[in-house]
Each structure stands twice: as structure tokens, then as C-alpha cells.
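Please take a few moments to look over the chain with me. We will go through it one piece at a time.

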Amino acid sequence: MQGFVVTSEQIAWFAGLLEGEGCLSFVKGSGWRIAVRMTDEDIILRIQAIFGGSVYFEARSKLNPKHKDTWQWQLSNRAAIYKVVTAVYPHMGERRKTKMDAFLAYHADPPKKSDVMRRNWENPEYRAKMIAERKARWQNEEWRANNIWTIKKAAESRWPTGQVS
């Protein structure tokens, strides 16, 4: 996903790892992340080579010498998580799909105001109506005087000398 094609076999392989060793979680203060933690460094590095992200090492616990060192792959970029989630979704079990549904719902953003305005502006009838309204407002002496005063007042508050650069 880092600028090259990910095969369907790699996606299915990763889906199995994510189902067994991974998680998709919301971390308060930093947002969503997808992670896989295990003791096999080569597998974690392979995941990173395919999907990008970060790798972290955690030394074994001093409390229990039987524990092994662990490696964690993590992805916290929203767009990258979205690509991974949509790719592996068909391969996941119900519990993981529920969490992925929560992620997808959380990130189902409404269109940005600029996108809506651009789409409307491409409509010839809407554009003609808006141009006519703007011309009518500008030809109204009172409206123009009030708005020019507001612009001048804003400029004076930003630049106390009254000079607008």
C-alpha cells in the first residue's frame, strides 16, 4: 500500500494475522490505530514492508523470565488504516468486523463545505443565480457601505496604523 500493489494473497495472509494477533482500537487523545504484536520479528518486518507503518520492540518482562521479547507493528495514519481495513474486511470474523464498522462509521465524514460549493458551482443554474445575487448585493449602496465599513474595521483592528499591506 506504500505506492505498490498488494496482492490478494498478502491481504488474506495479513487478515489471518490481524484476526489472531492484532487489534484495531481507538486510543483517547491520539485516535485510531491498527496493530499486530508478536514475538516473530521477521513477520512484523514483513507486515511493515507491505503496509508501511512503525515497528516497536519491547524487551521481555523482568517479572517473568519465561516471557519472550515482543515486536509490534502499528499504523496510525487515518487514510492508511482506511485502506487496510477496507482490504481485509471481507476476510475478518464478526467480532473484528464490528470494530471495523465502528472505525468506518467514525470516519464517514460528510463532504467538506468546499466540495459541496464546488459541486454546486458547476451547476449552471446555481452559478447564474449566485452571480445575480452577488451583483444585486453589490449594486445596493447600503449593503456595500456596511460591508466596506466592516472590512475597514477588521483591517484597523489587525493593523493599528490603519495601513493594510
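## A walk through the helices

H1 and H3 pack with their axes 9 Å apart, at an angle of about 95°. That angle makes H1 roughly perpendicular to H3, because angles of 65 to 115 degrees count as roughly perpendicular. On the H1 side, the residues that meet H3 are Ile 11, Phe 14, Ala 15 and Leu 18, and on the H3 side their partners are Val 84, Ala 87 and Val 88. Sorted by class, the contact of H1 with H3 has 7 nonpolar residues, with no polar and no charged ones. Please keep in mind as you look that this is a predicted model.

Now let us step back to the whole chain. It has 7 helices and 4 strands. If you read along the sequence, these elements follow the pattern α-β-β-α-β-β-α-α-α-α-α. There are 165 residues in the chain, and 24% of them are buried. Among the contacts with a separation of 6 or more, 53% are between residues 24 or more positions apart. The accessible surface of the chain comes to about 12,000 Å², and carbon and sulfur atoms account for 54% of that surface.

Let us return to H1 and meet another of its partners. Helix H1 covers residues 8-21 and helix H2 covers residues 41-51. The two pack at an angle of about 130°, and their axes are 12 Å apart. H1 and H2 are therefore oblique to each other, and their crossing is left-handed. From H1, the contact is made by Gln 10, Trp 13, Phe 14 and Leu 17; from H2, it is made by Ile 43, Arg 46, Ile 47, Ile 50 and Phe 51. The residues of the contact of H1 with H2 divide into 7 nonpolar, 1 polar and 1 charged. Phe 14 is worth finding in the view: it is one of the H1 residues that meet H3, and it is also one of those in the contact with H2.

Trp 13 is a good residue to pick out next. It has its place in helix H1. Is Trp 13 buried or partly exposed? With a relative accessible area of 23%, Trp 13 is partly exposed, since buried means under 20%. Leaving aside residues up to four places away in sequence, Trp 13 touches Ile 43, Arg 46, Ile 47 and Ile 50, and these four are among the H2 residues in the contact with H1. You can also look from Trp 13 towards a residue far along the sequence: Trp 13 and His 91 are 78 residues apart along the chain, while their C-alpha atoms are separated by 9.6 Å.

H3 has a further partner, H4. Helix H3 spans residues 78-88 and helix H4 spans residues 94-106. They pack at an angle of about 140°, with 11 Å between their axes. H3 and H4 are therefore oblique to each other, and H3 passes H4 in a left-handed crossing. Arg 78, Ile 81, Tyr 82, Val 85, Thr 86 and Val 88 come from H3, where they meet Met 100, Phe 103 and Leu 104 in H4. By class, the residues of the contact of H3 with H4 are 7 nonpolar, 1 polar and 1 charged. Val 88 is another residue to find twice, as it takes part in the contact of H3 with H1 and in the contact of H3 with H4.

Let us finish with three residues that link separate parts of the sequence. Ala 102 lies in helix H4 and counts as partly exposed at 36% relative accessibility. Ala 102 and Phe 26 are 76 residues apart along the chain, and the separation of their C-alpha atoms is 9.8 Å. Asn 77 sits in the loop between strand S4 (70-75) and H3. Asn 77 is partly exposed, with a relative accessible area of 45%. From Asn 77 to Ile 34, 43 residues away along the chain, the distance between C-alpha atoms is 9.3 Å.

The last of the three is Ser 25, found in strand S1 (residues 22-27). Which residues does Ser 25 touch, not counting residues up to four places away in sequence? They are Gly 31, Trp 32, Arg 33 and Lys 99. Ser 25 has a relative accessible area of 17% and is buried, because buried means under 20%.

Notes: Residues numbered from 1 in each chain as written. Predicted model: local features only at pLDDT ≥ 70, side-chain atom pairs only at ≥ 80, totals over all residues. Heavy atoms only, no water. Buried < 20%, exposed > 50% of the residue type's maximum accessible area, 1.4 Å probe, protein only. Contact = heavy atoms within 4.5 Å. Areas by Shrake-Rupley, 256 points an atom, 1.4 Å probe, with all protein chains shown as cover. Axes fitted to C-alpha atoms, helices over the stretch in contact; angles between N-to-C directions. Parallel < 35°, antiparallel > 145°, perpendicular 65-115°, else oblique. Left-handed = near helix turned anticlockwise from the far one by under 90°. Nonpolar A, V, L, I, M, F, W, Y, C, P; charged D, E, K, R; others polar.
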